[in-house]
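Work through the exercises below with the structure open. Each task is followed by its solution.

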Amino acid sequence: MPDQESMGEYNNRSEPSESRTVGNEPASEAQTTAPLSRRQLLKAGALGAAALAAAGGALARPGRGAAQGRGDSASPDAHGGPAEHSSHETMMSVGDVEVKPGSFDPTAFLTHFDTGKVSRLPSGQTLREYQIVAMDREVEVAPGVFFPAWTFNGQVPGPTIRCTEGDRVRVKFINGGSHPHTIHFHGIHAANMDGSFEIIPAGGVFTYDFDAEPFGLHLYHCHSVPLKRHIHKGLYGVFIIDPKEGRPQAREMVMMMNGFDTNFDGENEIYAVNTVAHHYQKHPIPIGLGEQVRVYLVNITEFDLINSFHLHGNFFRLYRTGTRLDQYEFTDTVMLCQGERAVLEFAYKFPGKFLFHAHQSEFAELGWTGLFDVQGRSNV
Ligand SMILES: [Cu+2]
């Protein structure tokens, strides 16, 4: 939900390189397509890549997705008309974001945890060292839709940092980006390790050094101003502090709910968990029948007040912020404000494909939808 007054200032910033062109495409080409709001896009009933690209305005780039898009959704005058497609077709973007060597793979990200370089301090305390480099990088957030992101280690979200309560965490931050950035970790630490005031200029280096506490599911993000810009550009990641006694055995995965304002109008045109719209709908997450699953769910979505997660055919144990092991809620939907997070635990009783998605229908249709593929023979 944009704040018109502040968004005016936001939109007026003078950075033609990112608001008018992508790569080598001149602004004049991009401007031949009238920008569509995300609501106009939904009215059109088409989430083909070409329609998304049109909504992205300057960010549209002809490619696999656009080439595979239906001709009618590619035509600008089709957008205002009635929906002509079946609901199955309109629920998902057309085409796929190809995972190439070195590019972001949401499937790999889902279960990748960076536990750092481990050593022991003279005191006996475990030391975990990490390196995070801020860099500008274009990210394909839907087929043919490229977002000029600011990233941690070249990916959005940044790497999932994981440690155990009581560890010493040392993060060397190198600002290889084109703007001043910081890393603000959620947690209990000294004021000068908070990443709020020590802004690191482009080319600068800073080492964050603190004890990991409290255990739970946290996050980190840039805290330079304007904050909403630095966050929505992609400078965020998940920060997990495990309890010393651990959590029960489970198949673990990280889901960061995010969105992308691809035409810089102060609203998101694309929604996802882990950046790529509909990725887990096109590439369902396989889990075993009866297998214990743990989802580390974090909401970083900018511009919208809340985001949510709804699980089909099941209920989950909900541990808010993951800071208590003995207290949970049993539900099938959770709503989180920006920066809020929750640990979700469940196991499936029936095999088959089950949706999970934002319970805001609009977010779900603009990319925030996935599938669990529950594999196994039912004995129920
Ligand atoms: Cu920043």
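In strand β19, Phe 356 has Leu 311 opposite it. The model is predicted: local features need pLDDT of at least 70, side-chain atom pairs count only at pLDDT 80 or more, and totals for chains, interfaces and linings use all residues. Residues are numbered from 1 along each chain as its sequence is written.

**Exercise 1.** Find the strands that pair with β19, and give the direction of each pairing.

Solution. Start with the terms: strands are DSSP runs (E, at least two residues), numbered from the N terminus, and two strands pair if DSSP finds at least two bridges between them.
- Step 1: β14 (residues 306-311) is joined to β19 by two bridges, and the two run antiparallel.
- Step 2: β20 (residues 369-375) is joined to β19 (residues 352-357) by six bridges, also antiparallel.
- Step 3: Check partners in β20: Leu 371 lies opposite Leu 355, and Asp 373 is the bridge partner of Lys 353.

**Exercise 2.** Which strands are at the edges of the open sheet?

Solution.
- Step 1: Write the order of the five strands, β12-β20-β19-β14-β17, with mixed pairing.
- Step 2: β12 (285-288) and β17 (333-337) each pair on one side only, so these are the edge strands.

**Exercise 3.** Which residues does Tyr 296 touch, not counting residues up to four places away in sequence?

Solution.
- Step 1: Contact requires C-beta atoms, placed from the backbone, within 7 Å.
- Step 2: Tyr 296 touches Leu 217, Val 238, Ile 240, Glu 252, Val 254 and Val 343 under that sequence limit.

Technical notes
Helices (H or I, at least four residues) and strands (E, at least two) are DSSP runs, numbered from the N terminus. Two residues are in contact if their C-beta atoms, placed from the backbone, lie within 7 Å.
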